[in-house]
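User: I would like to go through the reasoning behind some of the labels used for this structure. Please set each value against its cut-off before you conclude.

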Amino acid sequence: MVAVTSKTEREWRAPSLDEGHAALLANRMRHDIIRMLAQSKSGHPGGSLSASDIVAALFSSGQMNYDPASPTWEERDHFLLSKGHAAPVLYALYHQMGWISDEDLMTLRQLGSKLQGHPDSHALQGVDVCAGSLGQGLSVAAGEALGFLMDAQKSAAQSTSQSAAQSASQSATEPTHVWVLLGDGEMQEGSNWEAMMFAAHHKLHNLTAILDLNNLQIDGFVTEVNSLGDIDAKVRAFGFHVIHVNGHAIGEIVSALKEARTVSDKPTMIICDTIKGKGVSFMENQAKWHGTAPNAEQAAQALEELDKAATELTQRYGIAADAPLFSATPKED
């Protein structure tokens with residue numbers, strides 16, 4: 001069950017799951033990804049599956065402040081899916097949260113659907129920014145983070161006295177946090193590095209980029225197409241605080257998210273080693289599953305494997321297979 005983290009310095013509605021329930025959330029998301037892609041016969045399974053643990057951890061860690069019952073709550077942190085072709089991972093999460101209905105889940109990529117091939121903020125609540133053109137998300141996120149930081153600084157400056165500032169909530173000086181999920185293939189885009197210079201220059205400590213480092217893009221291995229080299233050293237040289245974790249270890253990801261929250265003088269990038277197609281044996285580490293939907297037979301095999309993994313999770317963590325995760329009922333804003 002969800003527990004709401006209590007923080008006195010600002011209104012905090014961030015849901016928090018323990019590691020076992022967060023892992024079960026990621027498994028259920030992978031289930032949804034396969035189902036919707038098999039139905040649509042089009043889409044991107046590989047990068048959606050590789051990012052499932054990352055997205056599940058972020059939205060259940062208690063570190064990203066948002067309200068499961070209100071997708072457009074004004075005080076929420078913002079999340080941008082820069083690798084927009086992995087939209088199924090976001091839709092799967094929103095389905096598990098109750099923001100997307102069972103019926104809508106099966107309309108992926110259909111004309112007029114809320115679930116477009118890339119996230120559309122005009123079509124679906126909970127999508128802050130449209131995505132699709134790779135290399136743009138970090139620039140948008142940095143701009144948002146600067147705006148939120150300036151708002152917070154302005155609010156702090158309006159404190160009329162030291163005593164008033166001390167009695168006011170810290171939300172007056174704590175800016176809204178912006179989280180952005182990047183793909184390693186899109187890190188070949190120069191715009192990302194311009195955005196990183198901008199973010200470091202403005203000391204955007206309220207910006208956390210998360211890199212899904214699965215080493216595959218549509219043309220093959222990233223290291224063979226256009227290697228990122230020593231990505232940790234490069235990102236650090238551009239002025240970011242860098243954390244490198246196993247992108248399929250929920251505990252490591254959550255610890256990194258907590259650490260990112262403590263950085264006060266620079267932006268953070270969490271670099272996650274992942275496996276493209278994670279959770280489905282025949283899709284793992286295969287470039288052909290970048291943008292190929294499974295047929296009915298392949299989907300059945302994938303779901304069987306995910307069902308087995310779910311059983312193993314429930315036994316390992318001693319939780320019920322039908323354990324509720326997000327209990328709040330979303331409301332229209």
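Analyst: Contact here means heavy atoms within 4.5 Å, and in this predicted model the buried residues of α4 pack, in that sense, against α1, α2, α3, β3 (78-81) and α5.

User: What makes helix α4 (residues 87-97) largely enclosed by the rest of the structure?

Analyst: A residue counts as buried when its relative accessible area is under 20%. In α4, 11 of the 11 residues are buried, so the helix is largely enclosed by the rest of the structure; among them are Pro 88, Tyr 91, Leu 93, Tyr 94 and His 95. Just after α4, Gly 98 takes a positive phi of about 90°.

User: Which residues touch the most other members of the largest nonpolar core, and which residues does Tyr 94 touch?

Analyst: A nonpolar core joins buried residues of certain types through side-chain atoms within 4.5 Å. The largest nonpolar core has 62 residues, of which Ile 34, Phe 59, Phe 79, Leu 93, Tyr 94 and Ile 270 touch the most other members. Helix α1 (residues 19-40) gives the most to this core, with nine residues. Leaving aside residues up to four places away in sequence, Tyr 94 touches Phe 59, Trp 99, Ile 100, Leu 124, Gln 125, Gly 126 and Val 127. A second, separate core of 29 residues includes Met 187, Leu 204, Leu 228 and Val 242.

User: Why is α3 called oblique to α11?

Analyst: Helix α3 (residues 52-60) and helix α11 (residues 250-262) pack at an angle of about 50°, with their axes 9 Å apart. Roughly parallel needs an angle under 35 degrees and roughly perpendicular one of 65 to 115, so the value of about 50° makes α3 oblique to α11. The crossing of α3 with α11 is right-handed. Asp 53, Ile 54, Ala 57 and Leu 58 in α3 meet Ile 250, Ile 253, Val 254 and Leu 257 in α11, and by class this contact has seven nonpolar, no polar and one charged residues.

User: Why, then, is α6 called roughly parallel to α8?

Analyst: Helix α6 (residues 137-157) and helix α8 (residues 190-201) pack at an angle of about 15°, with their axes 8 Å apart. Angles under 35 degrees count as roughly parallel, so α6 is roughly parallel to α8. The crossing of α6 and α8 is left-handed. Residues of α6 including Leu 138, Ala 142 and Leu 146 meet residues of α8 including Ala 195, Met 196 and Phe 198, and the contact divides into seven nonpolar, four polar and no charged residues.

User: How do you know that Asp 151 counts as exposed?

Analyst: Exposed requires a relative accessible area over 50%, and Asp 151, which lies in α6, has 51% and therefore counts as exposed. Asp 151 and Glu 174 are 23 residues apart in sequence and 9.5 Å apart in space, C-alpha to C-alpha.

User: What makes the phi values of Lys 41 and Arg 109 worth noting, and is each residue exposed or partly exposed?

Analyst: Most residues other than glycine have a negative phi. Lys 41, in the loop between α1 and α2 (45-50), has a positive phi of about 60° although it is not a glycine, and Arg 109, in the loop between α5 (102-105) and α6, has a positive phi of about 70° although it is not a glycine. With a relative accessible area of 68%, Lys 41 is exposed, whereas Arg 109, at 32%, is partly exposed, because partly exposed covers the range between under 20% and over 50%.

Definitions and conventions
Residues are numbered from 1 along each chain as its sequence is written. This is a predicted model: local features need pLDDT of at least 70, side-chain atom pairs count only at pLDDT 80 or more; totals for chains, interfaces and linings use all residues. Side-chain values use heavy atoms; hydrogens and water are left out. Axes are lines fitted to C-alpha atoms, for helices over the stretch in contact, and angles run from 0 to 180 degrees between N-to-C directions. Helices (H or I, at least four residues) and strands (E, at least two) are DSSP runs, numbered from the N terminus. Angles under 35 degrees count as roughly parallel, over 145 as roughly antiparallel, 65 to 115 as roughly perpendicular and the rest as oblique. A crossing is left-handed if the near helix is turned anticlockwise from the far one by less than a right angle, and right-handed if clockwise. Ala, Val, Leu, Ile, Met, Phe, Trp, Tyr, Cys and Pro count as nonpolar, Asp, Glu, Lys and Arg as charged, and the others, Gly among them, as polar. Buried means under 20% relative accessible area, exposed over 50%, partly exposed in between (1.4 Å probe, protein chains only).
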